[in-house]
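Dear colleague,

I am handing over the structure we spoke about, so that you have it open while you read. My notes on it come straight after.

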Amino acid sequence: MSTDAALTDALEHLVRGIVDSPDEVDVRRKNGRRYDTLQVRVDPEDLGRVIGRAGRTAKALRTVVAALPGGQGVRVDVVDTDRRR
């Protein structure tokens with residue numbers, strides 16, 4: 001398993017443990033010029049759980065990903081699916 005896939009799988013596993021609808025969790029890696037981004041999409045009802053009070057849960061997820069091998073230079077974004085077309 002590559003480091004990229006391991007990061008994606010680890011983040012997906014962590015998020016599935018937080019939400020009420022784990023089957024709706026989708027983590028995708030987007031390659032960028034300066035850094036790669038892991039985009040997390042969840043059921044709109046679970047968005048608050050993933051972000052957490054004052055963004056604490058999202059920050060903790062970012063910290064864990066950064067601590068994993070290959071996690072330096074990777075951003076984690078929680079995507080608000082209500083605003084998507």
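Below are notes on the sheet, the salt bridges and two places on the surface.

This is a predicted model, in which local features need pLDDT of at least 70 and side-chain atom pairs count only at pLDDT 80 or more, while totals for chains, interfaces and linings use all residues. Residues are numbered from 1 along each chain as its sequence is written, and side-chain values use heavy atoms, with hydrogens and water left out.

The sheet is open and has three strands in the order 1-2-3, with mixed pairing; its edge strands, each paired on one side only, are strand 1 (26-30) and strand 3 (74-79). From one strand to the next the twist averages 20°. Strands and helices here are DSSP runs numbered from the N terminus (E, at least two residues, for strands; H or I, at least four, for helices), and two strands pair if DSSP finds at least two bridges between them. Strand 1 and strand 2 (residues 36-41) run antiparallel and are joined by five bridges, and V27 stands opposite V40 in strand 2. Helix 1 (residues 3-16) packs on the sheet, where it touches strand 1, strand 2 and strand 3, and its direction makes about 150° with that of strand 1; contact means heavy atoms within 4.5 Å, and the angles, which run from 0 to 180 degrees, are taken between N-to-C directions of lines fitted to C-alpha atoms, for helices over the stretch in contact.

A search of the whole structure finds five salt bridges, each being a side-chain nitrogen of Lys or Arg within 4 Å of a carboxyl oxygen of Asp or Glu. Among them, R28 pairs with D26, with the closest N and O atoms 2.8 Å apart, and D36 meets R29 at 3.0 Å, N to O. D36 is buried, with a relative accessible area of 18%, whereas R29 is partly exposed at 22% (buried means under 20%, exposed over 50%, partly exposed in between, with a 1.4 Å probe and protein chains only). Another salt bridge links D77 and R75, whose closest N and O atoms are 3.3 Å apart.

Turning to the surface, A54 lies in the loop between helix 2 (47-51) and helix 3 and is exposed, with a relative accessible area of 74%. Its phi is near 60°, a positive value in a residue other than glycine. V64 is in helix 3 (residues 56-67) and is partly exposed, with a relative accessible area of 38%.

Best wishes
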